[in-house]
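Dear colleague,

Please find below the structure that I am handing over to you. My account of what was found in it follows directly after.

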Amino acid sequence: MSQVIRYERIDDIAVLAAQNPPVNALGVDVRRGLLAGIERAEAEGARAVLIYGEGRTFFAGADIREFGKPPQDPWLPALCDRIEASPLLVVSALHGTALGGGLEVALSCHYRIAVPSAKIGLPEVNLGIIPGAGGTQRLPRVTGVEAALDMITTGRHVRAPEALSMGVLDCVKEGDPREIGLAYARELLDNNAPRRAVCDMPAPAPIDFDAAYDAVLKKGRGQLSPAVAVRAVQAACEADDFAAGQARERELFMELMTSDQRKGLIHAFFAERAVSKLPELQGVEPRPLHQIGVIGGGTMGAGIATAALLAGLDVVLLEMSPEAAHAARDRIAANLSGAVKRGKLSSDAHDDILQNRLTLATDYDALSHVDLVIEAVFEDMAVKKQVFARLDAVCKDGAVLATNTSYLDINEIAGSISRSSDVVGLHFFSPAHVMKLLEVVVADQTAPEVVATGFALGKRLGKVSVRAGVCDGFIGNRILSTYRACADHMVLDGASPYQIDKALTDFGFAMGPFAVSDLAGLDIGWATRKRKRAAGQDPRVRDSSYADKLCEAGHFGQKTGKGYYLYEKGQRAGLPNPEVMPLIEADRAAQGLAPRVFTDEEIVRRYMTAMVNEAAKVVGEGIARRPLDVDVTLLYGYGFPRYWGGPLKWADLNGLADVLTDIRNWSEDDAYFWQPAPLLEQLVAEGRSFDDLNKEN
Ligand code: 3HC
Ligand code: NAI
């Protein structure tokens, strides 16, 4: 008797109930249980079989933890074929998320009913594979090729009413999946409904698959699985019969299963779930959160306030003057209107937020009752300390006092007030109501429940929260400073910003570093360079002046229409600014540097190696607890290609010894910049990987 599939007879209907929490993943025991259930139902003379899931969902897919391990019988494709071939009438009742193999099981049943809140999807491409249990063959037979390609190549979740209109579901009904499933199976039996196997349906009409393949490949920025899925759907149309199409699907599935992209994407899937699980927070209760305060309503403060309001929190926003407060309100209103336009917020809710849930203030007394305050004022230690002194005086006991500083020393801020243990960094990314990453920066004195509250806020706002320690730039911006410097060095040595941007977008980054600078504003980097030079920089640091010259001429990137690129009004992508190369050439000449040719491959290799080396220092120093924390930071805050899993997964996949060899070679020319991270040296010496460290922690 299977533990995970409960078998029950209700008259002439055999009921197979999955009970494999949390998501009824189709692991080997579930597959065996389903097979045994079908066989028993047939042997016992049942007339129909109902398959449904107990708990929160129908099957959410194959068990991803089994990937990469030796397969165990029955395989999911064979199980699906067996279900479909049953002479009994097989019905599935869906709730929660019927995804991947879960939907493939449903598609091999003869009828499908679902509750209205159910969602279906084939998200395999997001794991670097394609549906491998007939999904690419059965879905297009049911929906036609275009709708199936849309679902399979994007992996999007489709709500039950839409799935009904697409023909994937036969019926949508409010209720308990078991009850609606039983009633439906009974009705089908009473009406003598025929067995209806999707594999017997005619092959769908073809489209121009080469064009579809090219379009999907381009959209995926180098991600292979969506494009390969197009070829599998093509086989549904063109193969001799259903079995031949399935064989082609299997072949493509197995190829992808061994790919680095599959490894990277599955690493990303588990890393983003592991990132908020910190041993230090086990059993630690966060403090309650109802109302929050935000100080400073500029770019970041307005974004943070928007995110909080959208998540249902009340916000008190404090600015320096009534005029500044109104300007902040206008920014928030514009952000909220964007949410209305995108269908994320109703216009009634928009009005309610602005009228009732956002309070503007210029007096600190307005913050006396809030549960948590996030300061987003100018990036200046003296100003931040003044703000925290006022908070120390007015906030209630137990209020969490957070700073959104990008680089400043949070220990110094915390040490300047009487309640250091309530101080934490909550480092949002711009635009804060859109970007998913939140660095929860833990200072020396921060209390565990304050850290837990930071994570709880992140969850409430729908963010992916990463724990970081205090240093210049925390995890993300510290690593960014290093790989950005590497890009600047390559420019001095002969590469152009445009070649570098192109090489890195070809590698899979959402944007290249120079286009990113234009987007963020060149004045930010300029201010940092001036600060570092004023503080007295090590003479071995390679500096350059061409970017300063752009700023001195008033060119700050997109916001002024000119930076590394020229931006037409309303355009986000720019054309190379012809003033840039002469500035670079002048800089090279002044430094006596003869430019050399870089291949795109070398550009990527140096940039990635600089990133990995700094990331290894960040982990080695305990700023990030685990390599996966770095990976998630870069994935969610810096446009790192997800299919590489993050920089440290990339390093594992490319071999740590080779990375270290490159660093040692390049250090012959620039020993100051290319100092190997001790952790990297240690891992290479021990023959271990970053993933080994992830598993230990
Ligand atoms: N296999 C193994 N474990 C899984 C899993 C799966 N398919 N899906 C989720 N889990 C685990 C998670 O790792 C997590 O474990 P943890 O508690 O130890 O961290 C737990 O289940 C709960 O998951 P979430 O935290 O993600 O819960 P949510 O409620 O936020 O989301 C979900 C639920 C929408 C089902 C989401 O987990 C999800 O998207 N899962 C992946 C679905 C998927 O990709 N399915 C296709 C698999 S590939 C396949 O089917 C191949 C086939 O074609 C042959
Ligand atoms: P900004 O200049 O757009 O906004 C700062 C706001 O703070 C202004 O509206 C100003 O009126 C207000 N302000 C200044 N002093 C104040 C005070 N004493 N009391 C109340 N309000 C005051 O700056 P931005 O970009 O929003 O940055 C804010 C903070 O967020 C900085 O610490 C910055 O480093 C950090 N940050 C910025 C990011 C970005 O991309 N812009 C990303 C992540 C963090």
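**The hairpin at β1 and β2**

β1 and β2 form a hairpin with 2 residues between them, and Asp 11 in the turn has a positive phi of about 55°. Please note that this is a predicted model. Strand β1 covers residues 5–10 and strand β2 covers residues 13–18; the two run antiparallel and are joined by 6 bridges. Within this pairing, Glu 8 of the hairpin stands opposite Val 15 in β2. Glu 8 also belongs to a network of salt bridges, in which it is linked with Arg 6, Glu 54, Arg 178 and Glu 179.

**Salt bridges**

The structure holds 51 salt bridges in total. Side chains of opposite charge can pair when their charged atoms come close. Three individual pairs are described here.

In helix α1 (residues 28–44), Arg 40 and Glu 44 lie 4 residues apart, about one turn of the helix. Their side chains meet in a salt bridge, at 2.9 Å from N to O. Arg 40 has a relative accessible area of 38% and is partly exposed; Glu 44, at 36%, also counts as partly exposed.

Helix α18 (residues 476–493) contains Arg 484 and Asp 488, again 4 residues apart, or about one turn of the helix. These two residues form a salt bridge whose closest N and O atoms are 2.9 Å apart. Are they buried or exposed? Both Arg 484 and Asp 488 are buried.

The third pair is Arg 156 and Asp 150, whose closest N and O atoms are 2.9 Å apart in a salt bridge. Arg 156 is partly exposed, with a relative accessible area of 30%, and Asp 150 is partly exposed with a value of 30%.

**The surroundings of ligand 1**

Ligand 1 is surrounded by 25 residues, of which Arg 56, Glu 104, Glu 124, Arg 273 and Lys 277 are the closest. Two side chains may be mentioned for their polar contacts with oxygen atoms of this ligand: a polar atom of Lys 277 lies 2.4 Å away from one, and an N or O atom of Arg 56 lies 2.5 Å away from one. The backbone takes part as well, since a polar backbone atom of Ala 60 is 2.9 Å from a nitrogen atom of ligand 1. On its own, ligand 1 has 990 Å² of accessible area, and the protein covers 74% of it.

The elements that give two or more residues to this shell are β5 (97–99), α3 (101–108) and α11 (260–274). The largest contribution comes from α11, with 3 residues. By class, the shell around ligand 1 divides into 13 nonpolar, 5 polar and 7 charged residues.

**The surroundings of ligand 2**

Which residues come nearest to ligand 2? Of the 21 around it, they are Met 300, Glu 319, Glu 379, Lys 384 and Ser 406. A polar side-chain atom of Glu 379 lies 2.5 Å from an oxygen atom of the ligand, and one of Lys 384 lies 2.6 Å from an oxygen atom of ligand 2. Gly 298 places a backbone N or O atom 3.4 Å from an oxygen atom of ligand 2. Taken alone, ligand 2 exposes 830 Å², of which the protein buries 79%.

At least two residues of the shell come from each of α12 (299–310), α15 (381–394) and β15 (423–428). The shell around ligand 2 has 9 nonpolar, 9 polar and 3 charged residues.

With kind regards

Key:
Residues numbered from 1 in each chain as written. Chains lettered and ligands numbered in written order. Predicted model: local features only at pLDDT ≥ 70, side-chain atom pairs only at ≥ 80, totals over all residues. Heavy atoms only, no water. Near = heavy atom within 4 Å. Polar contact = N/O pair within 3.5 Å; in protein donor to acceptor, adjacent residues only side chain to side chain. Areas by Shrake-Rupley, 256 points an atom, 1.4 Å probe, with all protein chains shown as cover. Nonpolar A, V, L, I, M, F, W, Y, C, P; charged D, E, K, R; others polar. Pairing = 2+ DSSP bridges. Salt bridge = Lys/Arg side-chain N within 4 Å of Asp/Glu carboxyl O. Buried < 20%, exposed > 50% of the residue type's maximum accessible area, 1.4 Å probe, protein only.
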